Amino acid sequence: MNITSRVHWLSITVFGLDETAYKAFWEEFFSNILGELVEVPGGSRRGFRRLFQGLAGAKVYVDPVQISPKGNYFHIDLPGSACECLTPEQFRSLAEYKSSFDINNAPGDPGELRISRLDLAVDDCPFTPYMVYEHYRNDLIKTFAKRSSITWIVTPDGVKENGEKGTSSIYIGSSSSERMLRIYDKHGFTRAELQLRGNWADSIFLAVCKSSYSEWLSRLLGIIDRFFSVISNWWMEFVQLKQQVGIIITSARVKTLDKMARWVTKQVAPTIVVLKSIMGDQFEEMVYGSCTVKKLEKFGPVLQLGGI
């Protein structure tokens, strides 16, 4: 059993700093792994005038349309693909900075660093989503979530990442609530993923990530068990686990390149073959001729893989 725990989504909002503070913040915590920020013209901005993008899907929103009572602010979204590139030590460094930031800013001060969303995952759980669903159906669970919010989803024709056919998921809580637990198997193994928002995200981030990685699993399982538990011996054994294997940290540049390659393979390859067959050498001239320096700027961190 190769059970591991990890951060799988992190959203950060920082209030009360000047308009260029996002640059120093990104440089301090993320640029060495997720690359330099590149502005996205015309991108979705969610109440901000400017959007920047890093590697592995990381996004930074700056220059809000409306200034909050706490002053200027910026927002960072790190999806699972970006979080998988960061080490536990980097999350711990950010948690320690947040703790120091909170201490140095007294109540009522404009400065504030908030964790607005936090997803924590436990991988390779020793049970299946169906085992959880079966106990729910037999009323052998305890949870703070409303029973009406529990959803069971089966996709018979869905394909898991290991090639097996059929996927299943059980959701405990709603996606808009401050706590929701997802248990699913689309990756080939069972993942239990706790999604936290608001004050829950802010406090649990410190409780888990400020500790050493060897403590993450036991802390996270305790948090999950207090929100949702199954009345069974296998669940009791699960939440009492303390040992975990080390997580694999993926290069953000390689992850971004893999994503681009998958997109080309699935969406673009047939068109390329047709055009190449018809146009011959003119096809390459057309492609390279349309790739201006400005268009390639946002791929700078990825191009470094090829020494370009």
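This briefing describes the sheet, two helices, one buried aspartate, the cysteines and two backbone features of the structure. The model is predicted. Its open sheet is built from ten strands with antiparallel pairing, and helices α1 and α6 each lie across several strands. The structure contains zero disulfides.

**Sheet**

- The ten strands of the open sheet follow the order β2-β3-β4-β5-β1-β6-β11-β10-β9-β8.
- The edges are formed by β2 (38–39) and β8 (151–159), each of which pairs on one side only.
- Six bridges join strand β10 (residues 179–184) to strand β11 (residues 191–197) in the antiparallel sense.
- Within this part of the sheet, Y184 stands opposite R191 of β11.

**Helices lying across the strands**

- Helix α1, spanning residues 21–29, lies across β1 (4–15), β3 (48–53), β4 (59–64), β5 (73–78) and β6.
- The direction of α1 is at about 35° to β5.
- Residues A21, Y22, F25, W26 and F29 of α1 are buried. These residues are on the same side of α1, because they cover an arc of only 130° around the axis.
- In general, an α-helix has 3.6 residues a turn, so residues three or four places apart point the same way.
- A24 and E28 are exposed, and they are carried on the face of α1 that is turned away from its buried side.
- Helix α6, spanning residues 198–209, lies across β1, β6, β10 and β11. The direction of α6 is at about 65° to β6.

**Surroundings of D123**

- D123 belongs to strand β6, which covers residues 112–123.
- With a relative accessible area of 6%, D123 is buried, because the cut-off for that class is under 20%.
- The side chain of D123 makes a polar contact with the side chain of R6 at 3.4 Å.
- A further polar contact, at 2.6 Å, links the side chain of D123 to the side chain of R191. R191 is also the residue opposite which Y184 stands.
- Leaving aside residues up to four places away in sequence, D123 touches N2, I3, T4, R6, F189, T190 and R191.

**Cysteines**

- Which cysteine sulfur is nearest to that of C83, and how far away is it? The sulfur of C85 is nearest, 8.9 Å away, and C83 is in no disulfide.
- A disulfide requires sulfur atoms within 2.5 Å, so a nearest sulfur at 8.9 Å leaves C83 unpaired.
- C83 is buried, at 2% relative accessibility.
- C209 is likewise in no disulfide, and its nearest cysteine sulfur, that of C83, is 9.2 Å away.
- C209 is buried, at 0% relative accessibility.

**Positive phi outside glycine**

- D63 has a phi near 60°, a positive value in a residue other than glycine.
- D63 is located in strand β4, and at 30% relative accessibility this residue counts as partly exposed.
- D139 is not a glycine, yet its phi is positive at about 60°.
- Where is D139 placed? D139 is in the loop between α5 (129–137) and β7 (141–143).

Terms used:
Residues numbered from 1 in each chain as written. Predicted model: local features only at pLDDT ≥ 70, side-chain atom pairs only at ≥ 80, totals over all residues. Heavy atoms only, no water. Buried < 20%, exposed > 50% of the residue type's maximum accessible area, 1.4 Å probe, protein only. Helix = DSSP H or I, 4+ residues; strand = E, 2+ residues; numbered from the N terminus. Polar contact = N/O pair within 3.5 Å; in protein donor to acceptor, adjacent residues only side chain to side chain. Contact = heavy atoms within 4.5 Å. Pairing = 2+ DSSP bridges. Axes fitted to C-alpha atoms, helices over the stretch in contact; angles between N-to-C directions. Arc of directions from axis to C-beta.
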